[in-house]
Amino acid sequence: MKLFLDANILVSVVNKEYPLFPYTSRILSLNGPGFSIFTSPVCLAIAFYFAEKRYKSPLAKEKLELLSRHIGITGTDTGTVTAAFTDPAVKDFEDGLEYYSALEAGCNCILTENKKDFYFSKIEVLTSLEFYQKYMAKKTV
């Protein structure tokens, strides 16, 4: 399964924000057999902005650089930009860029804490808790 992480998921990991951190950090640890984790350059830039507010530039840069070495980075090219601008369902350009970037990378699921931002999505959109409960929590019979 290919997962696309929205900026708010990255921010919760990098800044260790509770109550999300236990779920988002576990989701990031899935990168490997069975799961591939992706994000976009836009999401990394947003996450850097919030990490810089907390840690200052050198540490924020170090944290995001480390993170970016362990996950896939999707493309944002002319096709992605055009799709985000021309899709009449997309009202927020940044969300459109993320969505079409995830689609182009073949992602099956978008993880975000703001599901309403992806109301137009044709692929599954889950919060970190929903994803954890659906795909990671031990099932009891």
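1. Two strands pair if DSSP finds at least two bridges between them. Strands (E, at least two residues) and helices (H or I, at least four residues) are DSSP runs, numbered from the N terminus. Strand 2 and strand 3 run parallel and are joined by two bridges.

2. This is a predicted model, in which local features need pLDDT of at least 70 and side-chain atom pairs count only at pLDDT 80 or more, while totals for chains, interfaces and linings use all residues. Residues are numbered from 1 along each chain as its sequence is written, and side-chain values use heavy atoms, with hydrogens and water left out.

3. The sheet should be considered as a whole. Five strands form an open sheet in the order 3-2-1-4-5, with parallel pairing. At its edges are strand 3 (72–73) and strand 5 (124–126), each of which pairs on one side only. As background, strands of a sheet pair through backbone hydrogen bonds, either parallel or antiparallel.

4. Strand 1 has two neighbours to examine. With strand 4 (residues 109–111), strand 1 (residues 2–5) runs parallel and shares three bridges. With strand 2 (residues 36–39), strand 1 also pairs in the parallel sense, over three bridges. Leucine 3 illustrates both contacts: its bridge partner in strand 4 is cysteine 109, and in strand 2 it stands opposite isoleucine 37.

5. Which residues are the partners of phenylalanine 38? Phenylalanine 38 belongs to strand 2, where it stands opposite phenylalanine 4. In strand 3, its bridge partner is glycine 72. Phenylalanine 38 has a relative accessible area of 17% and is therefore buried (under 20%; exposed is over 50%, and partly exposed lies in between, with a 1.4 Å probe and protein chains only). Its C-alpha atom is separated by 9.1 Å from that of aspartate 6, although the two residues are 32 apart along the chain.

6. Glycine 106 offers a second case of residues distant in sequence. It lies in the loop between helix 6 and strand 4. From C-alpha to C-alpha, glycine 106 and leucine 3 are 9.0 Å apart in space, with their positions 103 residues apart in sequence. With a relative accessible area of 38%, glycine 106 is partly exposed.

7. The aromatic residues deserve separate attention. Rings of Phe, Tyr and Trp (its six-membered ring) pair if their centres lie within 6.5 Å; planes under 30 degrees apart count as stacked, over 60 as edge-to-face and the rest as tilted. The count by this rule is ten aromatic pairs. In one of them, the rings of phenylalanine 118 and phenylalanine 120 have centres 6.2 Å apart and planes at 50°, so the pair is tilted. Both residues are buried: phenylalanine 118 has 3% relative accessibility, and phenylalanine 120 has a relative accessible area of 9%. One aromatic cluster is formed by Tyr99, Tyr100, Phe118, Tyr119 and Phe120.

8. A charge also sits over a ring, a term that requires NZ of Lys or CZ of Arg within 6 Å of the ring centre and within 35 degrees of the ring normal. The residues concerned are lysine 63 and tyrosine 55, with the charged end of the lysine 4.6 Å from the centre of the tyrosine ring.

9. What is the volume of the largest pocket? The value is about 200 Å³. A pocket is an open set of points on a 1 Å grid over the protein atoms alone, where a 1.4 Å probe fits, with protein on both sides within 12 Å along at least five of seven lines; lining residues have an atom within 4 Å of a point. Grid points are joined across faces, edges and corners, and a volume is the space filled by probe spheres set on the points. The lining consists of Val13, Val14, Lys16, Leu28, Lys63, Leu66 and Leu67. Helix 4 (57–70) gives the largest share, three residues. By class, five lining residues are nonpolar (Ala, Val, Leu, Ile, Met, Phe, Trp, Tyr, Cys and Pro), none is polar (the others, Gly among them) and two are charged (Asp, Glu, Lys and Arg).

10. The second largest pocket has a volume of about 170 Å³. Its lining has 14 residues, with Asp6, Ala7, Asn8, Ile46 and Asn114 nearest the centre. Helix 1, helix 3 (41–55) and helix 6 (93–104) each give two or more residues, and helix 1 gives the most, with four. This lining comprises five nonpolar, three polar and six charged residues.
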